[in-house]
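Open the model in your viewer and keep the selection panel at hand. The stops below say what to select and what is there.

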Amino acid sequence: MYTMNGYMAGCNLGHWISQYGRKGAEHWDTYITEPDCPRMADWGVDHVRLPVDYFIFEKDENPGVYLEDGLKYVDNTIAWAKKYGINVVLDLHHAPGFFFGNGEKNDLFTNTESKTRYINIWKNFAHRYAEEGENLRFELLNELVWDNSDPWNALWQETAAAIHAVTPDRKIIVGGNKWNSVWELKNLYVTDNPNIVYTFHMYEPFIFSHQRASWIPNHVAYTKPVTYPFAADDHLEYYGGQLPAQMERGGMVDKDYLRKIFAPAAEFIETNKRPLYLGEYGAIANCDDDSAVRWYNDVADLCLEYGIGRAVWSYRGFAKITDARNEVHDIRMVEAIARK
């Protein structure tokens with residue numbers, strides 16, 4: 001089995017130094033702190049995925065000047081994690097010229113300045129953390145959304161080469177198109193370099209994992225509770241009478257459905273003889289607790305069966321792993337996300 005040893009059961013540290021809205025230093029200094037690391041270690045979590053937005057350490061008006069006031073949060077996370085035996089995936093969540101929600105504003109693949117800034121950021125990280133070992137992996141970009149995968153396949157290889165010129169053994173994580181869809185793994189270039197690791201995200205069934213999500217208009221409008229598992233026909237209205245390809249009229253949306261979703265991942269592992277990483281999965285706090293627990297355990301079962309490492313979205317925010325006071329909401333969820 002091809003596995004992600006040391007990166008099998010993790011938590012995203014989302015909404016801290018990435019996607020933090022208008023918050024500032026007071027939020028950054030308090031949202032995630034050192035005591036969070038030993039708690040996660042006690043749960044059995046072996047790694048964290050750290051999403052970072054570039055503008056916390058580099059300003060558009062002064063590109064190439066990296067700010068210690070922002071980089072200290074990355075430094076601290078790596079140091080805290082190492083202290084308590086936890087590994088780190090450093091994820092560039094918002095890059096110069098690219099964010100998964102920016103649509104036509106993105107110019108990473110068409111603007112030489114954005115591309116240069118992007119590669120230089122990773123060169124800087126390579127030098128800054130050159131002394132770190134397998135406790136740190138680099139994830140080059142979060143959730144590509146582009147017309148096709150070709151520009152990304154070219155850019156990630158160029159960036160990986162620049163990193164490996166500094167730290168040849170650094171593990172580098174790359175994902176596919178359409179928000180790191182499992183269905184896009186087939187369009188990623190697969191190299192013989194064992195230090196390249198491939199990733200995908202999985203929130204299926206979306207009607208469940210993002211039910212009543214405030215930023216999705218049709219989910220706000222669809223107020224019917226969605227339990228898990230559920231009968232596909234129970235939510236025909238949401239699907240406009242036409243179920244997705246993996247659902248069947250008269251059938252159930254359950255672990256067997258999830259296995260269909262995981263099928264391209266299983267095929268990728270078998271074909272390429274390489275491990276895979278599920279960098280994001282999670283059930284929104286609007287889900288009922290029992291359903292969320294069942295879903296987390298089914299995802300864990302499949303990941304463990306295929307040797308896929310995983311990190312829940314998120315330790316704080318979105319899901320109910322911890323509540324607004326950063327206290328454990330339901331120990332059964334903690335147990336499910338920490339299974340190895």
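Begin with the cysteines: in this predicted model, a search of the whole structure finds zero disulfides. A disulfide is a covalent bond between the sulfur atoms of two cysteines. Why does C37 not form one? Select C37 and C11: the sulfur of C11 is the closest cysteine sulfur to that of C37, but it lies 10 Å away, which is too far for a bond because the cut-off is 2.5 Å. C37 is also buried, at 2% relative accessible area.

Select C303 next. Its closest cysteine sulfur is again in C11, here at 14 Å, so this pair is too far apart for a bond as well. With 0% relative accessibility, C303 counts as buried.

Now show the strands. Eight of them close into a barrel with parallel pairing, in the order β1-β2-β3-β4-β5-β6-β9-β10. From one strand to the next, the twist averages 25°.

For one pair within the barrel, select residues 196-201 (strand β6) and residues 276-281 (strand β9). Four bridges join these two strands in the parallel sense. Within this pair, F200 stands opposite L278 of β9.

Then add the helices. Residues 150-166 form helix α5, which packs on the sheet and touches β4 (136-139), β5 (172-175) and β6. The direction of α5 makes about 175° with that of β5.

The last stop is helix α9, residues 255-272. Which strands does α9 lie across? They are β6 and β9, and α9 runs at about 155° to β9.

Key:
Residues numbered from 1 in each chain as written. Predicted model: local features only at pLDDT ≥ 70, side-chain atom pairs only at ≥ 80, totals over all residues. Heavy atoms only, no water. Pairing = 2+ DSSP bridges. Axes fitted to C-alpha atoms, helices over the stretch in contact; angles between N-to-C directions. Contact = heavy atoms within 4.5 Å. Buried < 20%, exposed > 50% of the residue type's maximum accessible area, 1.4 Å probe, protein only.
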